[in-house]
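This report looks at core packing and helix contacts. Start with the model below.

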Amino acid sequence: MQSIPIKDVTEPELTTRFIRDQVSAPEQTSVERLLAGIRPWLPWVHLAMFLVFLAVLVVPVYLPESPEQATFLDDGRVLANYLLWGVWFPLVFFSVVVTGRSWCGFLCPMGAAAEAANRRGLQWATPAWIRWPGTPIISFVVITILGQTTGVRDHPEAALEVFGGTFVLAILVGWLWGRNKRVWCRHLCPIGLLLGVFARLGAVQLSPRMRKAGSDRLTEKTICPTYIDLPRKQAARHCIECLRCILPGHKAGLAVSFRRPGRELESIRHHQPDGWEVLFIFLGAGIALGGFLWLVLPFYDTWRQSVGTWFIEQGQYWIGEPGPAWLMSVHPERREVFRWLDFLMIAGTMVSVMVLSALILGLASLASASLARRFGGNCKTPQAMIQIGYSQAPVALMALMIGLATELFTPFLGLGMTHTQVNHVKVAMIVLGLLWSLWLAWKILGGLGVKRGRLVSILPTALGSTAMAAAWWIAVL
Ligand code: SF4
Ligand code: SF4
């Protein structure tokens with residue numbers, strides 16, 4: 001077969017080659033046939049979701065102010081807010097644990113729009129700064145802080161700015177960089193890394209029928225829009241479940257199977273562990289926590305007062321002025337006007353909690369890894385530390401679900417549940433996340449070959465998970 005330079009090959013040609021190389025049709029499951037049948041319909045689903053997205057983000061900005069007692073049953077703005085934070089966010093988080101990144105492949109209009117723009121765009125080579133593994137972490141941190149300072153959960157204008165702005169950016173990135181790929185989804189989406197980590201907990205698995213030797217590295221020579229080297233795929237992290245590689249009747253396609261949730265992280269040593277991803281778990285859990293702690297810390301107001309007084313004493317009066325509305329919440333009509341002091345205090349608290357969280361969880365993982373090594377662990381301390389760090393994912397998932405999905409429990413309150421009962425459910429979710437984290441740490445240590453001394457080795461990381469759960473308990477309850 002004549003070799004064709006991959007950069008000159010269109011996606012349909014690549015798919016044809018991919019299929020042509022196969023020798024015989026392997027056994028297909030009905031799930032794979034069903035998924036292959038669904039794939040042609042996905043562009044229509046994405047279009048419908050784009051219209052829903054527009055309606056939920058744009059219409060509320062032009063609706064009249066909601067009365068104090070308005071509910072999602074009788075007010076358009078409250079309904080849109082509920083759809084975003086009570087339906088969309090929890091559904092995305094729940095679904096990722098069950099079906100992996102099905103939100104990305106089946107429903108997300110942003111990634112689909114970026115890919116559509118790419119087909120007609122300039123298709124430049126992706127620059128190194130985008131491919132840097134820290135870029136999605138920075139993307140998440142910046143959007144989380146901006147969301148907090150603009151009040152994305154409370155103000156429709158802020159939701160339009162944050163979600164609409166990222167949508168426009170995704171299209172721009174797609175138009176500029178990559179060749180029949182999703183540069184935005186692989187490298188830049190603010191929630192892409194978050195979904196990637198939690199997809200590793202998911203019950204759906206797509207794995208090569210014919211595995212080739214070698215590690216699961218980024219490659220341009222693939223039909224996968226997120227650059228996965230399909231015959232070497234080991235991890236769920238970058239798979240957005242676009243279904244492009246589900247090819248019934250061909251050996252090269254990926255096979256769909258089901259596994260116990262958390263299975264991939266339990267044996268993370270075989271699934272491309274990555275220090276950047278673990279750093280993201282530590283930082284991401286911390287910054288989201290910081291976004292809630294400033295609201296409840298009793299000494300926050302005293303700090304704010306002291307910092308403000310210090311600036312005034314230096315003659316820096318701008319600190320008491322409101323900033324631009326794109327950067328902070330300026331809504332006098334809703335009796336909320338942030339000043340530069342508020343912006344600096346909120347962003348400062350979030351970054352401080354993020355750094356503290358990363359330090360605590362990092363040290364806890366390091367201590368457990370050192371103990372594991374002492375008790376016969378079969379891997380060097382830095383690698384063991386990365387593997388053990390993944391055990392923090394479930395507690396972070398539960399905490400983020402409770403924290404960010406602010407409207408999740410609104411219908412239950414409407415149906416007669418009391419606030420105390422809702423809080424009990426939240427506590428149960430945090431405890432469940434904590435127990436799952438402990439179980440994961442136990443299994444990961446087992447995978448590292450620690451038999452005698454596993455109970456001692458798990459202690460530091462268990463303390464880290466408990467500290468995270470306790471901090472969220474305070475923040476959310
Ligand atoms: S990575 Fe982000 S933009 Fe891409 S499909 Fe997933 S959520 Fe959408
Ligand atoms: S591995 Fe397959 S389903 Fe997953 S993103 Fe790549 S092509 Fe799509």
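Contact here means heavy atoms within 4.5 Å. The model is predicted.

With that cut-off, take helix α16, residues 381-389. Its buried residues are Ala 384, Gln 387, Ile 388 and Gly 389. The elements covering them include those in this table.

| Covering helix | Residues |
|---|---|
| α13 | 275-296 |
| α15 | 340-374 |
| α19 | 419-447 |
| α20 | 454-476 |

Two of these helices, α15 and α20, also pack against each other, at an angle of about 165°. Their axes are 6 Å apart. Angles over 145 degrees count as roughly antiparallel, so α15 and α20 are roughly antiparallel to each other. Their crossing is left-handed.

Which residues meet where α15 and α20 pack? From α15 come Ser 357, Leu 361, Ala 364, Ala 367, Ser 368, Leu 371 and Ala 372. From α20 come Val 456, Ser 457, Ile 458, Pro 460, Thr 461, Gly 464, Ser 465 and Met 468.

Now the cores. The largest nonpolar core has 114 residues. Phe 93, Trp 184, Phe 198 and Trp 472 have the most contacts inside it. This core lies between domain 1 (11-261) and domain 2 (272-476), because both give residues to it. Apart from this core lies another, of 14 residues. Leu 35, Cys 224, Leu 230 and Leu 243 are among its members.

What does Phe 93 touch, leaving aside its neighbours within four places in sequence? Phe 93 is in contact with Leu 194, Phe 198, Leu 397, Leu 400, Met 401 and Leu 404.

Key: Residues are numbered from 1 along each chain as its sequence is written. Chains are lettered from A and ligands numbered from 1 in the order in which they are written. This is a predicted model: local features need pLDDT of at least 70, side-chain atom pairs count only at pLDDT 80 or more; totals for chains, interfaces and linings use all residues. Side-chain values use heavy atoms; hydrogens and water are left out. A nonpolar core is a set of buried Ala, Val, Leu, Ile, Met, Phe, Trp, Tyr and Cys residues joined through side-chain atoms within 4.5 Å. Buried means under 20% relative accessible area, exposed over 50%, partly exposed in between (1.4 Å probe, protein chains only). Domain bounds come from an automatic or database domain assignment. Helices (H or I, at least four residues) and strands (E, at least two) are DSSP runs, numbered from the N terminus. Axes are lines fitted to C-alpha atoms, for helices over the stretch in contact, and angles run from 0 to 180 degrees between N-to-C directions. Angles under 35 degrees count as roughly parallel, over 145 as roughly antiparallel, 65 to 115 as roughly perpendicular and the rest as oblique. A crossing is left-handed if the near helix is turned anticlockwise from the far one by less than a right angle, and right-handed if clockwise.
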